[in-house]
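Biologist: I have a new model open and would like to learn how to read it. Could you take me through it feature by feature?

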2 protein chains.
Amino acid sequence: MSSNPTIAAGPSFSDDKRITELRAIAGEIDDIRSALRLLSWDQNTSMPEGAGATRGEQMATLQGLIHDRWTAQRLGELLSELATPIQKAPFTDADRALLRETRRERDYAAKLPRGLVEEMARVEALSFEAWHKARTNNDFASFAPWLARTITLQREVADRLGFKATRYDALLDLYEPGLTSERVDALFTPVREVSVKLRKRIEQSGHEVDASCLSGSFPAERQMQLARDILTRMGYDFSRGGLSISPHPFTTEFGSPFDVRVTVHPHEDMVDDALMAALHEGGHALYEQGSDAALARTPVVGGVSMGAHESQSRLWENAIGRSEAFWRGNLSVVQAIFPTEFAQVDAATFSRALNKVTPGLIRIAADEVTYNLHIIIRYEMEQAMVNTSVAVESLPRLWNEKYQAYLGITPPTDSEGILQDVHWTSGFGYFPTYTLGNLYGAQIYTAMRASVADFDERLASGDCAFALDWLRERMYRWGKTYLPEDLVERVTGQRPDPSYFVEYLTRKFEQVYDLPTEAASR
Amino acid sequence: MSSNPTIAAGPSFSDDKRITELRAIAGEIDDIRSALRLLSWDQNTSMPEGAGATRGEQMATLQGLIHDRWTAQRLGELLSELATPIQKAPFTDADRALLRETRRERDYAAKLPRGLVEEMARVEALSFEAWHKARTNNDFASFAPWLARTITLQREVADRLGFKATRYDALLDLYEPGLTSERVDALFTPVREVSVKLRKRIEQSGHEVDASCLSGSFPAERQMQLARDILTRMGYDFSRGGLSISPHPFTTEFGSPFDVRVTVHPHEDMVDDALMAALHEGGHALYEQGSDAALARTPVVGGVSMGAHESQSRLWENAIGRSEAFWRGNLSVVQAIFPTEFAQVDAATFSRALNKVTPGLIRIAADEVTYNLHIIIRYEMEQAMVNTSVAVESLPRLWNEKYQAYLGITPPTDSEGILQDVHWTSGFGYFPTYTLGNLYGAQIYTAMRASVADFDERLASGDCAFALDWLRERMYRWGKTYLPEDLVERVTGQRPDPSYFVEYLTRKFEQVYDLPTEAASR
């Protein structure tokens with residue numbers, strides 16, 4: 001007897017023997033992928049610097065093994081045999097998703113020769129080492145040759161995958177199936193407009209937010225304890241996860257939903273950086289940990305797209321994690337670890353401080369109003385790198401010019417500029433999914449608030465479980481069973497629509513900055 | 001121009017195209033093995049408890065991939081083609097070792113079906129989880145079924161590998177090529193005799209060693225710093241290594257000589273446990289880091305046998321790391337981290353304390369006089385498990401009876417008894433190599449002292465580089481180029497001979513306990 005009879009049964013695979021065989025093949029691939037991710041996670045958290053070249057070989061070998069398996073003849077036969085019958089009973093939605101994701105992986109592998117895949121893995125490992133050193137030493141010139149190799153490889157990938165309009169579209173599709181530059185441009189227009197408009201309204205109001213409580217001296221070890229405690233409050237399961245330090249925060253999994261880990265990077269002069277990274281990466285991790293165990297060791301487990309993934313990291317980080325209600329329920333966690341610093345700070349002050357709008361240099365530290373401008377800059381840079389023959393040496397200047405144009409500031413060093421993100425050690429096309437995530441996230445958050453009575457009161461009681469349950473039930477446990485836009489519709493009752501984000505951002509910052517209410521441009 | 005023209009050229013492979021192909025195949029296998037070791041290392045250091053079953057699947061899959069490659073037809077053809085020509089020029093000693101090690105791996109894989117290898121990997125991962133919990137909860141019963149499964153699997157391995165006298169011989173051979181119970185018995189006899197004799201002489205002398213300086217309150221974090229500093233003093237290269245905490249100290253590599261890491265386990269009530277583990281694991285790691293880079297990504301890289309490996313861990317831990325000369329040069333490192341505790345302690349006192357003979361329960365904390373008795377107990381237990389049908393439930397009693405008989409003490413809990421070592425989560429046959437390592441180590445140490453003028457004075461100056469260079473030049477850089485007994489002869493000028501250990505132990509403890517000199521039983 002279910003304690004909640006209205007909850008639908010979760011995803012499940014049929015016991016058709018071809019599905020069983022497909023799962024066995026996919027399971028082996030998933031195991032190798034988990035090992036590959038561990039090689040990468042270790043490189044980010046523990047690996048000694050002298051091991052970069054060796055690690056590159058190891059990752060290339062595992063990439064090659066995965067490639068061989070996706071392109072194997074028997075897998076092709078299974079996909080053909082199942083193509084027609086899969087649409088009907090006894091096949092399930094999970095079966096259909098398994099077939100769809102397998103076909104997608106196989107198509108990708110078939111188009112990219114094993115040698116290219118291995119070369120990409122090798123270059124990524126070495127490029128990561130070069131980037132890490134270059135960022136430490138503020139030395140873009142030493143990273144430039146690696147970025148040039150990545151550009152060359154990514155162009156080759158795009159050419160082999162094929163595209164209608166621009167090479168860059170082929171790369172976008174890798175992270176968000178079907179996404180094109182044309183669609184990104186359409187989505188980014190209202191986002192850019194509302195960002196610029198809100199920034200101006202805030203500047204013109206003359207209102208200031210006092211964020212001084214966030215600065216001071218915060219030992220890294222205590223910040224890690226804070227990150228751990230907040231993750232626990234969110235409902236992150238440490239018995240199936242872990243928290244480490246890496247140069248750039250990230251979430252990774254070695255077999256979802258059973259092993260999903262996060263990293264942060266504390267800076268000792270500010271309390272909010274690692275804290276908000278914990279909420280952000282925690283959102284990703286809750287999504288992965290929330291997959292139904294029936295989907296484990298298949299390509300259907302885990303987040304359905306990068307956009308869907310970012311919707312959850314941004315929802316937990318921003319919509320929940322910067323709200324006054326959340327801090328009414330959780331500021332005591334901060335006060336327990338930094339009692340002197342926060343004894344006199346209340347939830348309203350803390351929340352307002354976390355929402356201060358300051359055009360800054362660092363994407364992951366950006367406020368919600370300017371965040372998407374950081375993404376737009378990267379999006380435009382990526383288009384230039386992939387679609388045009390821009391010289392690598394000119395990229396730092398291009399970066400700095402764009403920061404001046406969009407945010408009114410110029411990075412004093414490349415470490416705070418073009419070298420800040422790890423992403424370009426592996427490829428292009430990921431960044432736009434952050435903004436897509438903001439759009440999906442706002443729509444899902446709006447739906448959740450509308451369906452949960454006393455949302456703010458429950459959050460303010462220190463309870464996050466009700467929100468996690470809501471999201472798990474409707475979204476997380478399904479993994480990749482449904483395509484991203486279909487999933488958003490299942491969760492919210494509507495196709496993805498950027499106006500939810502415009503409305504969310506406008507109402508939120510009118511409140512934070514005490515602005516007169518305006519009709520949002522929906 | 002070499003700065004030292006007397007140093008022979010290091011190992012190198014010929015450019016015969018069959019050797020190149022063999023190295024390519026072996027390189028791929030080495031990459032998968034490194035990934036497999038990382039899965040295991042992560043399980044020991046970072047993996048969440050909920051991921052045990054998933055990790056078991058991943059390890060089984062990678063074991064299966066390795067198995068397929070060792071048994072592939074093309075590899076068999078290459079080995080056949082090279083069998084005769086390999087003995088002459090232009091083939092090198094490294095080529096011959098490559099062929100020998102490849103053949104050894106292939107034979108092993110050919111005799112063990114893939115299903116068995118995968119099952120062993122799966123059981124090992126789950127058994128490790130069970131052991132870790134059982135040790136924490138002092139609950140042997142919960143580990144017993146896993147130990148029973150390991151016994152069954154190890155018997156099957158022995159039966160498939162084949163043996164002349166006893167099943168256990170087949171397992172010994174895995175860790176030390178050619179080793180048999182008969183040979184172990186012969187080697188253990190003088191070891192047991194000198195251990196028992198020395199213990200009696202020490203007891204009868206009535207002399208006491210004051211080891212009180214080693215007990216107190218030593219925060220784990222500062223112990224980790226001490227371990228790090230001592231590893232640095234030994235010449236361990238952190239740019240190709242790393243130090244972590246795990247339940248049981250160990251050394252592992254993910255592509256020697258470029259990534260060789262150690263773990264320790266600090267206990268806050270004693271300073272010497274993690275410290276001596278750092279010296280022990282550091283010895284293993286120096287051996288791995290010392291392999292010539294030309295051997296990387298081949299089965300010839302790294303220590304040639306477990307006995308050879310233990311010879312180096314024991315040489316660094318005991319012969320060097322417990323000597324007064326070493327602490328004259330390095331006690332300042334301890335004093336810098338624990339100034340209050342060690343301000344009044346001198347090197348002679350510290351060294352004597354580290355050599356106190358106390359029959360204890362824990363193998364890795366045992367003194368040199370009683371250490372081998374711990375090994376003999378395990379050796380006899382393993383023979384019982386593999387060669388006879390002893391009931392798993394009776395093993396804790398058998399363990400405790402043997403401790404009473406050999407060491408005069410009975411473990412109050414199984415956590416301090418039969419559950420103390422991780423080894424039986426994977427198999428049997430490893431333990432005797434510890435004592436073999438003590439024998440090789442004493443012989444190598446004796447040769448080194450004889451060939452280096454002012455050995456103690458140089459050690460007392462804080463210099464370990466001269467000893468590391470001596471060992472690297474003669475032993476480490478050759479990897480598995482020469483078989484263990486041949487290697488010992490190349491290093492020392494003589495075949496392995498247990499009398500060096502007997503002499504070393506006798507002279508050392510006559511000095512520590514101020515005993516009258518007796519002729520050692522050489």
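Modeller: Let's go from the single chain to the contact between chains, and then to some local backbone features. Keep in mind that this is a predicted model.

Biologist: Fine. How many helices and strands does chain A have?

Modeller: Chain A has 21 helices and three strands. Its C-alpha trace spans about 65 × 65 × 45 Å along the principal axes.

Biologist: And what does the radius of gyration say about chain A?

Modeller: The idea is to set the value beside what a compact globule of that length would give. For 522 residues that would be near 24 Å, and chain A has 23 Å, so the two agree.

Biologist: Now the pair of chains. What turn and shift lay chain A on chain B?

Modeller: A turn of 180° with a shift of 0.0 Å along the axis does it, and the RMSD is 0.0 Å. That is why we can speak of a two-fold axis here. If you want a landmark, go to Ala35(A): its C-alpha is the one in chain A nearest the axis, 3.1 Å away. Both copies also use the same surface, with 100% of chain A's contact residues recurring in chain B.

Biologist: How many residues does each chain bring to the contact?

Modeller: Chain A brings 35 residues and chain B brings 35 residues. Together the chains bury about 2,700 Å², and 58% of that is on carbon and sulfur atoms.

Biologist: What about polar contacts across the interface of chain A and chain B?

Modeller: There are 14 residue pairs in polar contact, counting pairs with both residues at pLDDT 80 or more. On the side of chain A that touches chain B, the elements giving two or more residues are helix H1 (17–45) and helix H2 (52–70). The largest share, nine residues, comes from H1(A). Sort that side of chain A by class and you get 13 nonpolar, nine polar and 13 charged residues.

Biologist: With charged residues there, how should I look for salt bridges?

Modeller: Start from the general idea: side chains of opposite charge can pair when their charged atoms come close. Over all chains, this structure holds 94 salt bridges. Between chain A and chain B the count is eight.

Biologist: Which residue of chain B forms a salt bridge with Arg55(A)?

Modeller: That's Asp259(B), with the closest N and O atoms 3.4 Å apart. This pair crosses between chains: Arg55(A) sits in helix H2 of chain A, while Asp259(B) is in the loop between strand E2 (251–253) and strand E3 (260–264) of chain B. Now look for Asp259(A), whose side chain meets that of Arg55(B) in a salt bridge at 3.5 Å, N to O.

Biologist: Last topic, the backbone. What is the usual expectation for phi and for peptide bonds?

Modeller: Most residues other than glycine have a negative phi, and most peptide bonds are trans. With that in mind, check the bond joining Ala89(A) and Pro90(A): it is cis, with omega about 10°. Pro90(A) lies in the loop between helix H3 (73–83) and helix H4 (93–111) of chain A. Another cis bond runs from Ser256(A) to Pro257(A), with omega near 0°. Pro257(A) belongs to the loop between strand E2 (251–253) and strand E3 (260–264) of chain A.

Biologist: And where is Asp454(A)?

Modeller: Asp454(A) is in the loop between helix H17 (432–451) and helix H18 (455–460) of chain A. Its phi is near 55°, a positive value in a residue other than glycine.

Technical notes: Residues numbered from 1 in each chain as written. Chains lettered and ligands numbered in written order. Predicted model: local features only at pLDDT ≥ 70, side-chain atom pairs only at ≥ 80, totals over all residues. Heavy atoms only, no water. Contact = heavy atoms within 4.5 Å. Buried area = accessible area lost by both parts, 1.4 Å probe. Salt bridge = Lys/Arg side-chain N within 4 Å of Asp/Glu carboxyl O. Polar contact = N/O pair within 3.5 Å; in protein donor to acceptor, adjacent residues only side chain to side chain. Helix = DSSP H or I, 4+ residues; strand = E, 2+ residues; numbered from the N terminus. Nonpolar A, V, L, I, M, F, W, Y, C, P; charged D, E, K, R; others polar. Least-squares fit on C-alpha atoms with pLDDT ≥ 70 in both. Rg over C-alpha atoms; globule rule 2.2 N^0.38 Å.
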